[in-house]
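Q: I'm new to this one and would like to learn how to read it. Could you walk me through a few features?

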Amino acid sequence: MKILAIDTATEACSAALYIDGVITEQYQLAPREHTKLILKMIEALLDQSDIELLALDALAFGCGPGSFTGVRIATGVIQGLAFASDLPVLPVSTLAAIAQQAYDDHQHQYVLSAIDARMEEMYWACYHLGDNGLMKLAGEEKVSSAQKVKLAVDLSTSWSGAGSAWESYSEQLNAVLGIQVKAIYPDYLPHASSIVKLAVDDFQQGKAVEASQALPIYLRNDVAKKKASQ
Amino acid sequence: MIVLGIESSCDETGLAVYDTERGLLADVLHSQVALHGEYGGVVPELASRDHVRYLLPLTEQVLTKAGITKSELDGVAYTAGPGLMGALMVGACTGRAMAMALGIPAVAVHHMEGHLLAPMLEEAVPEFPFVALLVSGGHTLLAEVKGIGQYELLGESLDDAAGEAFDKTAKMLGLGYPGGPILARLAEQGEAGAYRFPRPMCDRPGLDFSFSGLKTFSLNTWQKETEQGNKNEQTQANICRAFEDAVVDTLVIKSRRAIQQVGAKTLVIAGGVGANLSLRKSLNTMMQKEGGQLFYPRIEFCTDNGAMIAYAGALRLLGGETEPLAINVRARWPMSELDAVVN
C-alpha cells in the first residue's frame, strides 16, 4: 500500500510517504512558510522513492484542529492533488497525530492531546491505545478553556499530556485534572509521519472519502456575530 | 490552450474554462452574498470556509458544462491577489496543487488585471492603448493600458472605493446588505436635483478620488431631514439619487480628464460598480462627445468571476509565464509590479 500524507495545521510543515510499511518524512518547523514548502516536500518524497502520484492508493492530510489558515492550506493542496489524480482521501485528526507520536516515542497509552487554540482556549481530546499500536479517540474532540477539560477517567488514572496547550495552560490543566500527569510533551506538533500511519488503518477500514469531501475540522465554529446578536 | 480559471479573492467562488482557440467554454459562480448578509458585511473567515466547500464541486460543474475532462486542461490560473488572504489561499492552494498533479503549468493572476481584461471576453474588443476605469467594492482607479501587463496608474481613491462608499452609505440609510445595488435601484425613484452633493476633488487638477466625504454628507442630510420630520422613502430615494449622481459625475469628470491627458480614444470600464446603469449611460454620453468609444463587460463579468481569471491566465501562460512549485498569494499587490506580456 502507498499513501502520501501532509500536515500544515500548526507551526510545523510536513509530508510523509508510506510505501508498503516504510515511512519517509520531510519535516520543518516553519511558521508562515508552509505555502512555500509543502509542494516541494511532496515532490522530493515522490522523487526519492521514484514513484508517481498516480501510483499511490490514497492521500491523507491533517484535517485539524489547528490554525484555520494552516488547516486550509493542507485541505486545498490535498483537494487539488486528489481531484486531479482521482485518489481517495483520508482526513486525519491533528490531535490523533500528536497522541500517536507520544505512544510511538514513549509508549504512553493514555494521552490528553491538546493544541493551543488562542483566546484562552484549547483544542483537546483523550486518546488511548487501541489495536495494532494505534491511538484511538475516547469521547469527542473539543474546543474549550482548560477549566472545562475532562479526562476519560473510566479508561485509566495514568495519563500523559502532549501538544502546545500543555505549554500555554499547563498550570490550569494540572489544577483541573486533579491527578499527577505522568509525562508532558508540550513541544509536540503534528507530524505527517503519524498521520500517514493512522491513515493506513483508516484506509483499510474503508474510511476514505472523495476529494470534494476532504474538508477541515475546525472545532471552533462561532467565528462571527450575526447582526441580531451584535 | 485550454485554461481553468479560479477566482476566490473575496465572497464569490468563480470557475471558468477558457480556450484560446474557441473562447470562453463555460463559467460558473457561487455567491456568498446570502451568507454574509446575516452579518452585515463580508466575514473573511466564513468566506474562506465557504470557498473550501464549493471549489471542487464547482470545478466538476464547469468542466462538465465546458464538455471537457480535466486531462484536456493545458493550464490552471488562479487569483493570487489582491484580496482577502485566507480566501485567496483556498483557490491558490487547490489550483496550484491541481496543476502539479495534472502535470501542467499554473499561473498566478492579478485580480484587477482580470477585471481590466474582462471586456476582452465580449465580441467587440477594445484596442490598445486605452484608459481603464476600475470601480469595485475594493478599488477605484484609472489606468492607462498600453498592452497586457503594461499598466500605468493615473489616479486612485485616497480613501473609500466607490463601491465601498455605495455600500456604506446604503448601510447608514438602513437599506440592507449588500447595499450598493439597493441604493442604485432606489435612486431611480429619486428626484434629480433635490439636493446638490459635492463632487469631491473635481475642483483641482489630478485624477485621484475621495468618496468617504460623500457618505458623511449623505448621513448628515438624512439626519437633518429626519429631524425636520421628513423621514420617508421619497427623502431616502432623493438622497440616494443625489449620492449616485455625485459619484457618477465624479467618475465621469475624472475619466474625461484621463482620456484627454493621455490622448486616448477608448475607455474601458470594469469592476462591480461598472454594472451601475447610470454610470454606463453617463460615460457613454461623455465618450460620444469626446469622439471615442466606451467598452464594458457583460453585467455578470463586472463582478468577480472565474472567466476573467481564466482569460488573463491564458494570456500570461501564452506569454510564457508560469508559477514555480510554491503557492504565492498577496493581499496587497500593486498593478505596476506586473510584467508586460510579449506574445
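Q: Let's start with charge. How many positive and negative side chains does chain A have, and how far apart do the centres of the two sets lie?
A: Keep in mind that this is a predicted model. To read charge, count each kind of side chain and then compare where the two sets are centred. Chain A has 17 positive side chains and 27 negative ones, and the two centres are 10 Å apart.

Q: Which helices and strands should I look for, in number, in chain A?
A: Trace the chain from its start and tick off each element. You'll find six helices and ten strands in chain A. Chain A is as compact as a globular protein of its length, because its radius of gyration is 17 Å, close to the 17 Å that the globule rule gives for 230 residues. Its C-alpha trace spans about 50 × 50 × 30 Å along the principal axes.

Q: What share of the residues in chain A is buried?
A: Burial is read from how much of a residue is left accessible. In chain A, 56% of the 230 residues are buried. As for the outside, chain A exposes about 10,000 Å², with 47% of that supplied by carbon and sulfur atoms.

Q: Now a single residue: where does B:Gln32 lie?
A: For one residue, find its element first, then its surroundings. B:Gln32 sits in the loop between strand S3 (23-31) and helix H1 (33-37) of chain B.

Q: Is B:Gln32 buried or exposed?
A: Buried: the cut-off is under 20% relative accessible area, and B:Gln32 has 1%. Its side chain makes a polar contact of 2.7 Å with that of B:His36. Leaving aside neighbours within four places in sequence, B:Gln32 is in contact with residues including B:Cys10, B:Asp11 and B:His51.

Technical notes. Residues are numbered from 1 along each chain as its sequence is written. Chains are lettered from A and ligands numbered from 1 in the order in which they are written. This is a predicted model: local features need pLDDT of at least 70, side-chain atom pairs count only at pLDDT 80 or more; totals for chains, interfaces and linings use all residues. Side-chain values use heavy atoms; hydrogens and water are left out. Helices (H or I, at least four residues) and strands (E, at least two) are DSSP runs, numbered from the N terminus. The radius of gyration is taken over C-alpha atoms; the globule rule is 2.2 Å times the number of residues to the power 0.38. Buried means under 20% relative accessible area, exposed over 50%, partly exposed in between (1.4 Å probe, protein chains only). Accessible areas come from the Shrake-Rupley method with a 1.4 Å probe; for residues, only the protein chains shown count as cover. Lys and Arg count as positive and Asp and Glu as negative; His and the chain ends are not counted. The place of a charge is taken as NZ of Lys, CZ of Arg, CG of Asp or CD of Glu. A polar contact is a pair of N or O atoms within 3.5 Å; within protein, one must be able to donate a hydrogen and the other to accept it, and residues adjacent in sequence count only if both atoms are side-chain atoms. Contact means heavy atoms within 4.5 Å.
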